[in-house]
Amino acid sequence: MNTFSNHYRQKYGEPVGKIPIDTGLACPNRQHGGCIFCRPASFTPGYLDSRDSYRIQIERGKNSLLKGRFKKYLAYFQQETCTAVPAKTLLPVLSTILDDSDCLGLILSTRPDCVSDNLLAPLASLIAEKEKECLFELGLQSIHDKSLQLLNRNHSYQDFTDCFQRIRRHGTFEIGVHLIFGIPGESEAEMLQSVDTVCALGIDALKLHHLQVIRETELHRMYQRGEVHPFTLDAYLVFLQRVLVRIPANVTIHRLWATSHPNLLIAPKWDILATHLSTRLKNEMQEKGVFQGSELT
């Protein structure tokens with residue numbers, strides 16, 4: 001499987017880590033009620049404090065996450081919606097971070113309705129100047145507008161494709177897509193259609209999650225009313241194998257399941273370590289003789 005760790009080890013000849021960074025600006029969608037599944041505290045690293053300077057965030061990330069295992073890293077703007085920060089404010093920050101010799105590039109996690117042309121052109125020049133890399137991780141979740149409306153995403157699939165084309169036009173950036181499996185009302189066929197559709201666009205990376213119910217979210221209230229039925233562990237592993245065989249081998253898989261702070265996670269609670277999940281998935285795929293992209297070959 002073309003995992004994040006395998007891809008970057010092969011690319012740079014050594015293991016590469018990620019350091020999450022927080023701009024401190026809340027996601028604009030919160031002004032419209034926010035996504036029904038989202039609560040930033042559920043995935044914020046314990047060391048991360050948006051009040052800290054970027055230099056301090058990176059130093060704490062090196063001490064807390066890299067821990068000597070990785071010498072090189074990608075600056076990962078995972079929190080909230082980083083490109084909602086005005087370009088004139090964000091660009092100097094990115095430039096300073098890229099000046100760190102240990103930093104190989106950026107991962108900008110964002111919404112497809114929050115990527116302006118005012119950012120793209122100067123950022124493309126900056127990436128070329130610094131000779132680093134930049135991946136836009138676009139939070140799509142589903143290609144189906146009915147699901148986007150249910151999630152209160154307040155953008156459409158058309159917004160995503162428009163953003164995708166504007167980013168791709170610069171030729172400098174890689175593009176990844178974030179999908180969520182298990183959205184209420186979506187069939188397995190519709191989830192697979194999301195995978196097939198984004199892969200057909202020629203994406204560089206995928207970040208896949210099973211839907212998690214986080215405490216004190218609108219999704220939590222729906223779950224209490226019996227309107228949400230999360231994947232069981234066994235069902236999700238079976239589904240993932242159907243997904244992986246249709247993902248081209250050159251697409252880098254950044255993640256296959258969600259992780260959240262246990263005290264905020266309502267469901268599903270699988271009580272299994274991510275490393276054990278990976279081992280089980282790998283073993284089951286080997287037993288069946290299938291692999292990433294095998295259905296395409």
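Contact here means heavy atoms within 4.5 Å. All views show a predicted model.

**View 1. Val213 and its surroundings in strand 7.**
Val213 sits in strand 7, residues 213-214. Its relative accessibility is 0%, so Val213 counts as buried. Beyond its neighbours within four places in sequence, Val213 is in contact with Leu219, His220, Tyr223, Val228 and Pro230. Val213 is also in contact with Leu264, Leu265, Ile266 and Ala267. Val213 and Lys269 are 56 residues apart along the chain, and their C-alpha atoms are separated by 9.7 Å.

**View 2. The loop between strand 9 and helix 10, with Pro268 and Asp271.**
Strand 9 covers 265-267, and Pro268 lies in the loop between this strand and helix 10. The peptide bond from Ala267 to Pro268 is cis. Its omega is near -5 degrees. Asp271 is placed in the loop between strand 9 and helix 10. Asp271 is not a glycine, yet its phi is positive, about 55 degrees. Most residues other than glycine have a negative phi, and most peptide bonds are trans. At 75% relative accessibility, Asp271 counts as exposed, because exposed means over 50%.

**View 3. Asn152 in the loop between helix 5 and helix 6.**
The loop with Asn152 runs between helix 5 (145-150) and helix 6 (157-168). Asn152 has a positive phi, near 60 degrees, in a residue other than glycine. Its relative accessibility is 22%, so Asn152 counts as partly exposed.

**View 4. Arg168 in helix 6 and its contacts.**
Arg168 belongs to helix 6. It is partly exposed, with a relative accessible area of 26%. Leaving aside neighbours within four places in sequence, Arg168 is in contact with Phe173, Glu174 and Ile175. Gly202, Ile203 and Asp204 are also in contact with Arg168. The C-alpha atoms of Arg168 and Gly202 are separated by 9.9 Å. Along the chain, these two residues are 34 residues apart.

**View 5. The largest nonpolar core, with Leu206.**
The largest nonpolar core has 66 residues. Leu106, Leu123, Leu206 and Ile247 touch the most other members. Leaving aside neighbours within four places in sequence, Leu206 is in contact with Val177, Leu179, Val198, Cys199 and Ile247. The contacts of Leu206 also include Val251, Thr252, Ile253, His254 and Arg255. Another core, of 13 residues, lies apart from the largest one. Among its members are Cys35, Phe37, Ile180 and Ile266. In soluble globular proteins, nonpolar side chains tend to be buried together.

**View 6. Helix 3 against helix 4.**
Helix 3 is residues 87-98, and helix 4 is residues 117-130. Their axes come within 10 Å and cross at roughly 15 degrees. Helix 3 is therefore roughly parallel to helix 4. The crossing is right-handed. Helix 3 brings Ala87, Leu90, Leu91, Leu94, Ser95 and Leu98 to the contact. Helix 4 meets them with Asn118, Leu119, Pro122, Leu123, Leu126, Ile127 and Lys130. The residues of this contact divide into 10 nonpolar, two polar and one charged. Leu123 of helix 4 is also one of the residues that touch the most other members of the largest nonpolar core.

**View 7. Helix 7 against helix 9.**
The axes of helix 7 (residues 188-200) and helix 9 come within 10 Å. They cross at roughly 40 degrees. The two helices are therefore oblique to each other. Their crossing is right-handed. Glu188, Met191, Leu192 and Val195 make the contact from helix 7. Phe239, Arg242 and Val243 make it from helix 9. Five of the contact residues are nonpolar, no residues are polar and two are charged.

**View 8. Helix 9 against helix 10.**
Helix 9 (residues 233-244) and helix 10 (residues 274-288) have axes that come within 11 Å. The axes cross at roughly 55 degrees. Helix 9 is therefore oblique to helix 10. Helix 9 passes helix 10 in a right-handed crossing. From helix 9, the contact is made by Leu233, Asp234, Leu237, Leu240, Gln241 and Leu244. From helix 10, it is made by Leu277, Arg280, Leu281, Glu284, Met285 and Lys288. The residues of this contact divide into seven nonpolar, one polar and four charged.

Methods: Residues are numbered from 1 along each chain as its sequence is written. This is a predicted model: local features need pLDDT of at least 70, side-chain atom pairs count only at pLDDT 80 or more; totals for chains, interfaces and linings use all residues. Side-chain values use heavy atoms; hydrogens and water are left out. A nonpolar core is a set of buried Ala, Val, Leu, Ile, Met, Phe, Trp, Tyr and Cys residues joined through side-chain atoms within 4.5 Å. Buried means under 20% relative accessible area, exposed over 50%, partly exposed in between (1.4 Å probe, protein chains only). Axes are lines fitted to C-alpha atoms, for helices over the stretch in contact, and angles run from 0 to 180 degrees between N-to-C directions. Helices (H or I, at least four residues) and strands (E, at least two) are DSSP runs, numbered from the N terminus. Angles under 35 degrees count as roughly parallel, over 145 as roughly antiparallel, 65 to 115 as roughly perpendicular and the rest as oblique. A crossing is left-handed if the near helix is turned anticlockwise from the far one by less than a right angle, and right-handed if clockwise. Ala, Val, Leu, Ile, Met, Phe, Trp, Tyr, Cys and Pro count as nonpolar, Asp, Glu, Lys and Arg as charged, and the others, Gly among them, as polar.
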